[in-house]
Amino acid sequence: MRLKSPGIRASGINREDIFVTTKLATQFKSYECAASAIDASLERMGFDYIDLMIIHSPQPWDHFGEDDRFVAVNQGAWRALEDAYKAGKLRAIGLSNFQAQDIDNILNACTAAPMVNQILAHVTNVPGELIEYSRQQGMLVEAYSPVGHGELFKNESIVAMAEKYNVSVPQLCIRYDLQLGLLPLAKTANPDHMKNNADGDFIIDDGDMDVLNGLETIKDYGEDPDLYPIDVARKRRVVERATDEAGWGKETPKGRGLGLAFHHSFVSYTAVVFDVEVDDAGEFTIHRADIAFDCGPQANPERIRSQMEGACVMGIGDVAITGLSGYAPG
Ligand SMILES: NC(=O)c1ccc[n+]([C@@H]2O[C@H](COP(=O)([O-])OP(=O)(O)OC[C@H]3O[C@@H](n4cnc5c(N)ncnc54)[C@H](OP(=O)(O)O)[C@@H]3O)[C@@H](O)[C@H]2O)c1
């Protein structure tokens, strides 16, 4: 079969020998949007089917943490996943970041129940009640960020315990999730790390599991707590900080148009597009902002930049702002 994904094609591996998961992006909250997003994913990857597709979050990122649980539209998106599952386009369907009430919302209206809930779960942060509830509803619980985005390397107790077992910190963290009956999803861009992570042939004894269970929860994930975990004002802060750092409003043309901001942190690469107006005094007003791309740390900034047509990068360093692109809002 035709594979567009160049890494897979170059490896010579059979499609049947890999398990491909993708997420339905958080903004696709209706049957129609979700159905076309599923087809677009298949088309982009060049696959006839995807092994697992999950709804990334019950709330769009820009409503993350608000009261609205997007009940009807999530049910609509779920129907699109069900139809694609029944049509053989998706081999399994599931959820991510869904709390008990969000799971109930899907169960109340579904004809095929969710098979997976993918949630944040790592040493120091294990949401026991949600795990138990997800399991009771028949779901496999996948633990994302088992190494806490790399933050667990900084925890002296974890480092000491890894040394005691003569394993790496990620090996210990992955093994911990496995012993809790979770499916850990460790990420690495390094083949040696990948081999190391797959080598989990040891057992953490009960006493040490108790020690790990009792460690204090990580409160933020490093240098950029504004970006991760995500909160309601996230987009605005990204734009405001990016514009501030790059001197937007001092060097830009006057008028109204489309601006682009990039922010690169150790956990994500974010590009924000915004409708902005710059007045004669150089002050700017942001009328609207949307995240255009939101990628993991392995994303290639140049690739993302090249997708931003008309971009005229003005900033330097890890934050760049483009000039007005000539876009005229209606
Ligand atoms: N559903 C959601 O909302 C959601 C949110 C976040 C993440 N996720 C998923 O969870 C997966 C992992 O997430 P994550 O990247 O946030 O966190 P993670 O897997 O906890 O940590 C990744 C970090 O650990 C390092 N690492 C991994 N194995 C290592 C080893 N053996 N030795 C040294 N360093 C090692 C990686 O660096 P190197 O690359 O250098 O090895 C990377 O910096 C991703 O695939 C993502 O799709 C899902």
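In this predicted model, the buried residues of helix α4 pack against four neighbours: α3 (71–86), β3, β4 and α5 (128–136). The residues in question are D102, I103, N105 and I106. Looking down the axis of α4, these buried residues fall within an arc of 155°, so they line one face of the helix.

What about the strands that α4 packs against? Strand β3 covers residues 93–96, and all of them are buried. Their side chains take turns, though: I93 and L95 point one way, whereas G94 and S96 point the other way. Strand β2 (residues 52–55) is joined to β3 by three bridges, and the two run parallel. One of the pairings here links M53 to its bridge partner I93, the residue that points the way L95 does.

Strand β3 also pairs with strand β4 (residues 116–120), again in the parallel sense, this time over two bridges. Here S96 has Q118 as its bridge partner in β4. To get from β3 to β4, the chain crosses through helix α4 (residues 100–107), and this β-α-β crossover is right-handed. That puts α4 in a double role: the helix is the link in the crossover, and its buried residues pack against both of the strands being linked.

Moving on past β4, the chain enters the loop that leads to α5, and H122 lies in this loop. Is H122 buried or exposed? A residue counts as buried when 20 or more other C-beta atoms lie within 10 Å of its own; H122 has 25 of them within 10 Å, so it is buried. Its contacts reach to other parts of the chain: leaving aside residues up to four places away in sequence, H122 touches A143, S145, P146, V147, G148, L152 and C173. Take G148 as an example: it sits 26 residues from H122 along the chain, yet the C-alpha atoms of the two are separated by 6.2 Å.

V147 brings the story round to the ligand. This residue is touched by H122, and it is also among the residues that come nearest to the ligand, along with Y144, K187, T188 and H193. The shell around the ligand has 22 residues in total. Which helix or strand gives the most to it? That is helix α8 (residues 191–198), with three residues. Sorted by class, the shell has 14 polar residues, seven nonpolar ones and one charged one.

Technical notes: Residues numbered from 1 in each chain as written. Predicted model: local features only at pLDDT ≥ 70, side-chain atom pairs only at ≥ 80, totals over all residues. Near = placed C-beta within 6 Å. Nonpolar A, V, L, I, M, F, W, Y, C, P; charged D, E, K, R; others polar. Buried ≥ 20, exposed ≤ 12 C-beta atoms within 10 Å, placed from the backbone. Pairing = 2+ DSSP bridges. Right-handed = clockwise from strand over helix to strand, strands pointing away. Arc of directions from axis to C-beta. Contact = placed C-beta atoms within 7 Å.
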